[in-house]
Amino acid sequence: MTFPFLTPLNTTQLRSAGIPEPWAFGVADKVRFGELDALGHVNNVAYMSWFEVVRIHYFRDYGLSDYKSAGRPRLVLANANVTYKAEMHLGQEYIVAARTAQFGNTSFTMGYAVYGDTLHATGSAVIVQLNQDGTKRALSKALKEKMAHLDGATPR
């Protein structure tokens, strides 16, 4: 791969790297020494960190939060999981793809996939949107339409 690390990739870049539809958003990076475990492969917790990195880029690009503006919604991780498919090792380059698969009134479910020389892991997370006071905040119609158009997301 010859993509810039930690920079959102467009659909053309994803397809050229072999990332299949419906993935339309991703970030490239490489395995670092601090992400390894005693067996010399990527520690299971690193995948959750990678999902968080791509999620923050996704939130910014999709206009969910810039993490600066007053009155911005609070985005809370309500549930997360990962399924491991194949080991990864030091220096290995990869792309973490992300998309919204489903949305409800105040929450949405994201899917993740880690691709390198093969599919290494998949995951999902439920994100709840809250007001600053902790009450649930409805997803806008425009955001739902954007998720449906770009990611193929469907209502729950």
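## Strands β1 and β2

In this predicted model, Leu9 stands opposite Gly26, a residue of β2. The two strands concerned are β1, residues 8-9, and β2, residues 26-30. They run antiparallel and are joined by 2 bridges.

Strand β2 has a second partner as well: β2 and β4 pair in the antiparallel sense over 5 bridges. Within this pairing, Ala28 of β2 stands opposite Ile95 of β4. Of the 5 residues of β2, 4 are buried, so the strand is largely enclosed by the rest of the structure.

## Strands β3, β5 and β6

Strand β6 covers residues 119-130 and pairs with β3, residues 74-84. This pairing is antiparallel and comprises 10 bridges. One position in β6 is Gly123, which has Val82 opposite.

Strand β6 also pairs with β5, residues 107-115; these two strands run antiparallel and are joined by 9 bridges. Ser107 stands opposite Val128 in β6. The connection from β5 to β6 is a hairpin of 3 residues. As a general point, side chains in a regular strand alternate between the two faces of the sheet.

## Thr106, in the loop before β5

Thr106 is located in the loop between β4, residues 93-103, and β5. Is Thr106 buried or exposed? Its relative accessibility is 16%, and buried means under 20%, so Thr106 counts as buried.

Residues up to four places away in sequence being set aside, Thr106 touches Ile127, Val128 and Gln129, together with Lys136, Arg137, Ala138 and Leu139. Val128 is also the residue of β6 that stands opposite Ser107.

## Arg156, after the last strand

Arg156 belongs to the segment that follows β7, residues 154-155. With a relative accessible area of 49%, Arg156 is partly exposed; the exposed class requires a value over 50%.

Which residues does Arg156 touch, not counting those up to four places away in sequence? They are Gln102, Phe103, Gly104, Ser107, Phe108 and Thr109. Ser107 lies 49 residues from Arg156 along the chain, yet the C-alpha atoms of the two residues are separated by 9.8 Å.

## The chain as a whole

The chain contains 3 helices and 7 strands. Read from the N terminus, the order of these elements is β-α-β-α-β-β-β-β-α-β.

The radius of gyration is 16 Å; a compact globule of 156 residues would have a value near 15 Å, and therefore the two agree. Along the principal axes, the C-alpha atoms fill a box of roughly 45 × 35 × 30 Å. Among contacts with a separation of 6 or more, 65% are between residues 24 or more positions apart. The contacts of Thr106 with residues such as Leu139 and of Arg156 with residues such as Gln102 illustrate contacts across the sequence.

## Surface and charge

Of the 156 residues, 42% count as buried. The accessible surface of the chain is about 8,000 Å², and carbon and sulfur atoms contribute 53% of this area.

The chain carries 16 positive and 13 negative charges. The mean positions of these two groups of charges are 9 Å apart.

How values were computed. Residues are numbered from 1 along each chain as its sequence is written. This is a predicted model: local features need pLDDT of at least 70, side-chain atom pairs count only at pLDDT 80 or more; totals for chains, interfaces and linings use all residues. Side-chain values use heavy atoms; hydrogens and water are left out. The radius of gyration is taken over C-alpha atoms; the globule rule is 2.2 Å times the number of residues to the power 0.38. Buried means under 20% relative accessible area, exposed over 50%, partly exposed in between (1.4 Å probe, protein chains only). Contact means heavy atoms within 4.5 Å. Accessible areas come from the Shrake-Rupley method with a 1.4 Å probe; for residues, only the protein chains shown count as cover. Lys and Arg count as positive and Asp and Glu as negative; His and the chain ends are not counted. The place of a charge is taken as NZ of Lys, CZ of Arg, CG of Asp or CD of Glu. Two strands pair if DSSP finds at least two bridges between them.
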